[in-house]
Amino acid sequence: MSRWIKNNLARLSSLSQITNSNPSASKIMEVEVKLRLPDSTAHQKLSDLLSPYHTKTHLQQNLFFDTPSLSLAPTHLAALRLRFYDLDSHAILSLKAKPVISAGISRIEEEEESLDPSLARACAAEPWRFSTIEKSRILKRVNEEFGVDLMELVSLGGFRNVRAVHKWNGLKLELDETQFDFGVNYEIECESDDPDEAKLMLEELLNQNGISFSYSQVSKFAIFRSGKLPEFKKGVTA
């Protein structure tokens, strides 16, 4: 156990109470358009094109947790994730489940809760500490619905992502540069209540500006688990 954690046990215990005293977990069906870009050149070209609409850029670290026997991913098609934003300015615990992706449109069940970054870092260092967090709907679901003993959770590792956010033609576009240990993946995402229309708008933008793309076929977590970047297959173009 690290000296930092030993010196902050009391504070971390308090945070586990405060952070979850008013649980803010929200369970939704996340629907996103996901289009993959072939390389850094296409990513930079699109970034330049969208620069007038840029609102912010997030530096994200994504860490995933499961049991040593992988009770969540293969059996329940679920992923327990901690995401740290912008040098630990805040942290989000999420549970994603039952993903379906087809023709560049992803649908996945998602539930999220905010965590104090210090508590989140302690859990990342020693995942058994998830069991000390009270009133977490996500962790309760992992334990009761999926039958996972929170004391058995281990870190699977993760990846970093640079996400540039843009507001363009009524859409919120997220341009990602995802850094895995085995390579870099480039993608543009757009969450929308009308994903078919959003996809048409994005395809038109890319086609008109000569930017190649393909329909994303798997999630970032699936790419991480596979240990290699998927083959780029060019999508529909004009």
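In this predicted model, E189 forms a salt bridge with R163, and the closest N and O atoms of the two are 3.2 Å apart. E189 lies in strand β8 (residues 183-191) and R163 in strand β6 (residues 154-168), so the pair ties together parts that are 26 residues apart in sequence. The chain around this pair has 238 residues, of which 48% count as buried, and its secondary structure comes to eight helices and nine strands. The points below take up the salt bridges, the largest pocket, one residue of strand β5 and one helix.

**Salt bridges**

- The structure holds 17 salt bridges in total, and, as a general matter, side chains of opposite charge can pair when their charged atoms come close.
- E189 also forms a salt bridge with K34, where the closest N and O atoms are 2.6 Å apart; this pair links distant parts of the chain, since K34 is in strand β1 and E189 in strand β8, 155 residues apart.
- The three residues of these two pairs are each under the 20% limit for a buried residue: E189 counts as buried at 2% relative accessibility, R163 is buried with a relative accessible area of 8%, and K34 counts as buried at 9%.
- E189, R163 and K34 are also members of a network of salt bridges, in which they are linked with E32, K172, E174, D176, E187 and K220.
- A further salt bridge is formed by K96 and E30, with 3.1 Å between the closest N and O atoms; K96 is in strand β4 and E30 in strand β1 (residues 26-37), so that the pair links distant parts of the chain that are 66 residues apart.
- Both partners of the K96 and E30 bridge count as buried, K96 at 16% relative accessibility and E30 at 9%.

**The largest pocket**

- The largest pocket has a volume of about 930 Å³, and 41 residues line it, of which E30, E32, R81, K96 and E110 lie nearest its centre.
- By type, the residues of this lining divide into 19 nonpolar, six polar and 16 charged.
- Strand β4 (residues 90-102), the strand that holds K96, gives the most to the lining of the largest pocket, with six residues.

**I108 and its surroundings**

- I108 has its place in strand β5 (residues 105-115), and at 10% relative accessibility it counts as buried.
- Although I108 and E30 are 78 residues apart along the chain, their C-alpha atoms are separated by 5.3 Å.
- Leaving aside residues up to four places away in sequence, I108 touches I28, M29, E30, K96, A97, K98 and P99, a list that includes both E30 and K96, the partners of the salt bridge described above.
- For the chain as a whole, among contacts between residues at least 6 apart in sequence, 65% join residues at least 24 apart.

**Helix α6**

- In helix α6 (residues 137-144), the residues I138, L139, R141 and V142 are buried.
- These four cover an arc of only 155° around the axis, which puts them on the same side of α6.
- A general property of the α-helix bears on such a pattern: it has 3.6 residues a turn, so residues three or four places apart point the same way.

Terms used. Residues are numbered from 1 along each chain as its sequence is written. This is a predicted model: local features need pLDDT of at least 70, side-chain atom pairs count only at pLDDT 80 or more; totals for chains, interfaces and linings use all residues. Side-chain values use heavy atoms; hydrogens and water are left out. On a 1 Å grid over the protein atoms alone, a cavity is a set of points where a 1.4 Å probe fits but cannot get out, and a pocket is an open set with protein on both sides within 12 Å along at least five of seven lines; lining residues have an atom within 4 Å of a point. Grid points are joined across faces, edges and corners, and a volume is the space filled by probe spheres set on the points. Helices (H or I, at least four residues) and strands (E, at least two) are DSSP runs, numbered from the N terminus. Ala, Val, Leu, Ile, Met, Phe, Trp, Tyr, Cys and Pro count as nonpolar, Asp, Glu, Lys and Arg as charged, and the others, Gly among them, as polar. Buried means under 20% relative accessible area, exposed over 50%, partly exposed in between (1.4 Å probe, protein chains only). The arc is that of the directions from the helix axis to the C-beta atoms. A salt bridge is a side-chain nitrogen of Lys or Arg within 4 Å of a carboxyl oxygen of Asp or Glu. Contact means heavy atoms within 4.5 Å.
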